[in-house]
Amino acid sequence: MLLNFKQSGLDQNNARTVILIHGLFGSLENLNVIARALEPNFNVINVDLRNHGRSFKSDDMNYQVMAADVLSLISHLGLKNVILVGHSMGGKVAMQVAMLDEQIVDKLVVLDIAPVDYHPRHNTIISALNDVSQQSPASRNDADKIMSNFIEELGVRQFLLKSLAKNQQGQLEWRFNLSVIEQNYSSIIANIDTPRTCLCDTLFIKGNNSDYILAEHREAIVGAFAKAKAKIIQGAGHWLHAEKPKAVNRSIIDFIQ
């Protein structure tokens, strides 16, 4: 099955292609701020990863299968020498794609994630999402009140609420496949498979206030991506593209042009 995707910008026969890959609990709309900056000069493809957005649901969810999904879409569209840009979990998917088929990747941009194992950090969010599902709120405002018992940050709740939509019965439900994500969470926070060193041009962009990329990750990054470069966005956290869009977009464009 093919991933749901949105294509914008220039025609793929006349421009280089950039594929944008969102993070956990997200959708293809999350990286629109980057897409809009790239559309004047690139063919841009935003994807919904499996179990997210309007893409298909599956009980399998790990970086090998998610990367294979992206490669299937690339093959379906007849693309070559693509540029991959991924945020958080999407960054790991992009890295895994490069590991599986380095020849198809022209350049790789990874937003605020490293090729390492992470400790669980979404337990509270998962509890909030499950509570919303169990209580079947009548509106997004009601859902927000439920989540506020678990999540203080308004911005995080607003991000999650973007994936709350009415089903065919008119009931609000999460577009992402929460039960499967919860079952496979250990695979999501695990490292990608790095059987070799990838030699594609790679840029890691870190939010200065984020702890997703740390100094102790440098050895793992360089070991997996020998040509890796780094850019730090001042005044930004993990959601760096939302907090400092101009700086992030400029860093991406300078690297891929």
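**Entry 1: salt bridges**

I took a salt bridge to be a side-chain nitrogen of Lys or Arg within 4 Å of a carboxyl oxygen of Asp or Glu. The model I was reading is a predicted one. With that rule I found six salt bridges in the structure. I looked up three of these pairs one by one.

I started with arginine 16, which pairs with aspartate 106 at 3.1 Å between the closest N and O atoms. I noted that this pair links distant parts of the chain, 90 residues apart. Arginine 16 sits in the loop between strand S1 (5-9) and strand S2 (17-21), and aspartate 106 belongs to strand S5 (residues 105-111). I then checked accessibility for both partners. Arginine 16 has a relative accessible area of 32%, so I filed it as partly exposed. Aspartate 106 is at 27% and is also listed as partly exposed.

Next I turned to aspartate 144 and arginine 157, whose side chains form a salt bridge with an N to O distance of 2.6 Å. Aspartate 144 is in helix H5 (residues 140-147) and arginine 157 in helix H6 (residues 154-161), so the bridge ties together parts 13 residues apart in sequence. Buried or exposed, I asked of aspartate 144? The cut-off for buried is under 20% relative accessible area. Aspartate 144 has 18% relative accessibility and therefore counts as buried. Arginine 157 is at 9%, so I entered it as buried too.

The third pair I examined is arginine 250 with aspartate 254, where the closest N and O atoms are 2.9 Å apart. Both residues are in helix H11 (residues 245-256), four residues apart, which means about one helical turn separates them. Arginine 250 has 45% relative accessibility and counts as partly exposed.

**Entry 2: rings and charges over rings**

I counted five aromatic pairs. I looked at one of them, the pair of tryptophan 174 and phenylalanine 176. Their ring centres are 5.2 Å apart, the planes differ by 10 degrees, and the pair is stacked. I found both tryptophan 174 and phenylalanine 176 buried. Which residues do ring pairs link into a cluster with Trp174? I wrote down Phe25 and Phe176.

I also looked for charged side chains over ring faces. Lysine 107 lies over the face of phenylalanine 255, at a distance of 5.1 Å from the ring centre. Arginine 121 lies over the face of tyrosine 212, and here the distance to the ring centre is 4.0 Å.

**Entry 3: packing of H4, H5 and H6**

I described each helix pair by the angle between the axes and the distance between them. Helix H4 (residues 123-135) packs with H5 at about 135 degrees, and the axes are 9 Å apart. I therefore recorded H4 as oblique to H5. The crossing of H4 past H5 is right-handed.

I then took H5 with H6. Their axes come within 10 Å and cross at roughly 135 degrees. H5 and H6 are therefore oblique to each other. H5 passes H6 in a right-handed crossing. I noted again that the salt bridge of aspartate 144 and arginine 157 ties these two helices together, since aspartate 144 is in H5 and arginine 157 in H6.

From H4 I also picked out asparagine 130. Asparagine 130 is partly exposed, with a relative accessible area of 21%. I asked how many residues along the chain lie between its position and leucine 178. Asparagine 130 and leucine 178 are 48 residues apart along the chain, and their C-alpha atoms are separated by 7.8 Å.

**Entry 4: positive phi outside glycine**

I noted two residues here. Aspartate 112 has a positive phi of about 55 degrees and is not a glycine. I located aspartate 112 in the loop between S5 and H4. At 0% relative accessibility, I counted aspartate 112 as buried.

The other is serine 136, with phi near 45 degrees, again a positive value in a residue other than glycine. Serine 136 is in the loop between H4 and H5. I asked whether serine 136 is buried or exposed. Its relative accessibility is 53%, so serine 136 counts as exposed.

Definitions and conventions:
Residues numbered from 1 in each chain as written. Predicted model: local features only at pLDDT ≥ 70, side-chain atom pairs only at ≥ 80, totals over all residues. Heavy atoms only, no water. Buried < 20%, exposed > 50% of the residue type's maximum accessible area, 1.4 Å probe, protein only. Phe/Tyr/Trp six-rings, centres within 6.5 Å; stacked < 30°, edge-to-face > 60°. Lys NZ or Arg CZ within 6 Å of the ring centre and 35° of its normal. Axes fitted to C-alpha atoms, helices over the stretch in contact; angles between N-to-C directions. Parallel < 35°, antiparallel > 145°, perpendicular 65-115°, else oblique. Left-handed = near helix turned anticlockwise from the far one by under 90°.
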